[in-house]
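Student: I would like a close look at one strand in this structure and at what surrounds it. Please take me through it carefully, and then work outward to the neighbouring parts.

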Amino acid sequence: MHYLLLRKLNPMETIIPGNKEKGVVLSFDVESWSNLCGGKYDLSANPEDEYGHFLPRLLDVLDSYNVKAQFFICGKVVELYPFLFRSLVQKGHGLGGHGYEHEVMPNLRISEQMTVVNRVKKTMKQVLGISPISWRCPGLAANLGTYVALRNHGFRISSNAIRIDKPFSVKGIADIPLAEKMDGDFLGFYLPITSSGIQIWADYMKKEFDRISKGILVLGMHTWVQRKYDPRLEAIRSFLTYVEPFMGEVWMGRLDDLQWKV
Ligand SMILES: [Zn+2]
């Protein structure tokens, strides 16, 4: 996808809740269902650490700052951990789709993409009682057919582009670009779990927050690289402590709550 071109052709202005000029979305991709799938980069990864320990602790941290975040979840994971994701819904976090089994969408025909999108939507409806409106493509890989499939199934917002300065629309879907996948290509999957490694994460988030004076900053992370007592959670806590004094003028919340004008 030529996101830069799309952004030039179809720019959009985001309307941030509360008439704020600046907003932050913390987003998390949730995608493991066995040691070999989500944890494909680290065979020692244990989904129980992620769903039984890390995610509940993350939810506690977000609660303690009264912050809502956006989670992009594979349909299959929703089926495996229904109680956990119902608690996310109850806490008011945003839940969007991330494939059913983390499918690379451009590898599929349009009809197959439709099937995947529809399956995720149905699963979330059946298991969680919600109709998702947002989506992040696995691997951030999309083609025009992906956006058609999303629109046809009632989705209206995505976060697939990366390092593009402004939101844009594709086939009726608003794409709010990610600043960076912090634990992906940028900082590496094997960011050392040391105080200096954590500092790199925290510093990056704070620097991005300071750099943007207007518009939306979308920070993206995975939950599967986290471990039972992963100190990287401290980086998130450190970032939230840093931004807390600005919360009067800066909005922080779910991608699902953004509006826009063309
Ligand atoms: Zn993913």
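Tutor: What follows starts from strand β2 and moves outward through its partners to the metal site, a loop residue and the pocket.

The model is a predicted one, and every statement below should be read with that in mind. Strand β2 covers residues 22–30, and because nine of its nine residues are buried, the strand is largely enclosed by the rest of the structure. The burial holds for both directions in which the side chains point: Lys22, Val24, Leu26, Phe28 and Val30 face one way, Gly23, Val25, Ser27 and Asp29 face the other, and all of them are buried.

The pairing of β2 can be followed partner by partner. With β10 the strand runs parallel, and eight bridges join the two; within this pairing Gly23 stands opposite Ile216. Gly23 also stands opposite Trp251 in β11, a strand of residues 250–252 that pairs with β2 in the parallel sense over three bridges. A further parallel pairing, over four bridges, connects β2 with β3, where Ile73 is the bridge partner of Val30.

From β3, which spans residues 70–73, the arrangement continues to β4, again in the parallel sense and over four bridges. Phe71 stands opposite Leu95 in that pairing. Strand β4 is covered on both faces, with Gly94 and Gly96 buried on one side and Leu95 and Gly97 buried on the other.

The loops that follow β2 and β4 bring us to the zinc ion, whose protein donors are Glu31 through OE and His98 and His102 through NE2, at 2.0 to 2.1 Å. Along the chain these donors follow the spacing E-x66-H-x3-H. The pair of Glu31 and His102 links distant parts of the chain, since Glu31 lies in the loop between β2 and α2 (47–64) while His102 lies in the loop between β4 (94–97) and α5 (110–128), 71 residues apart. Both Glu31 and His102 are buried.

Another residue that connects to β2 is Leu255, found in the loop between β11 and β12 (259–261). Its relative accessibility is 1%, so Leu255 counts as buried. Leaving aside residues up to four places away in sequence, Leu255 touches a set that includes Val25, Gln70, Phe72 and Val218, together with Ser134, Ile157, Ser158, Ser159 and Ile176. Ser134 is 121 residues from Leu255 in sequence, yet the two C-alpha atoms are 7.7 Å apart in space.

Helix α6, residues 144–152, has Gly145, Thr146, Tyr147, Val148, Ala149 and Leu150 buried, and its buried residues pack against elements that include α1 (3–9), α5, β5 (134–135) and β6 (157–158). The helix is followed by Gly154, which has a positive phi near 85°.

Finally, β10 leads from β2 to the largest pocket, which holds about 680 Å³ of space. Of its 29 lining residues, Asp165, Ile212, Lys214, Gly215 and Ile216 lie nearest the centre; Ile216 is thus the residue already met opposite Gly23. Two or more lining residues come from each of β1 (13–15), α8 (195–211) and β10 (215–222), and β10 gives the most, with four. By character, the lining divides into 15 nonpolar, three polar and 11 charged residues.

Technical notes:
Residues are numbered from 1 along each chain as its sequence is written. This is a predicted model: local features need pLDDT of at least 70, side-chain atom pairs count only at pLDDT 80 or more; totals for chains, interfaces and linings use all residues. Side-chain values use heavy atoms; hydrogens and water are left out. Donors are N, O and S atoms within 2.8 Å of the metal (3.2 Å for Na, K and Ca); water is not among the atoms, so sites may look incomplete. Buried means under 20% relative accessible area, exposed over 50%, partly exposed in between (1.4 Å probe, protein chains only). Contact means heavy atoms within 4.5 Å. On a 1 Å grid over the protein atoms alone, a cavity is a set of points where a 1.4 Å probe fits but cannot get out, and a pocket is an open set with protein on both sides within 12 Å along at least five of seven lines; lining residues have an atom within 4 Å of a point. Grid points are joined across faces, edges and corners, and a volume is the space filled by probe spheres set on the points. Ala, Val, Leu, Ile, Met, Phe, Trp, Tyr, Cys and Pro count as nonpolar, Asp, Glu, Lys and Arg as charged, and the others, Gly among them, as polar. Two strands pair if DSSP finds at least two bridges between them.
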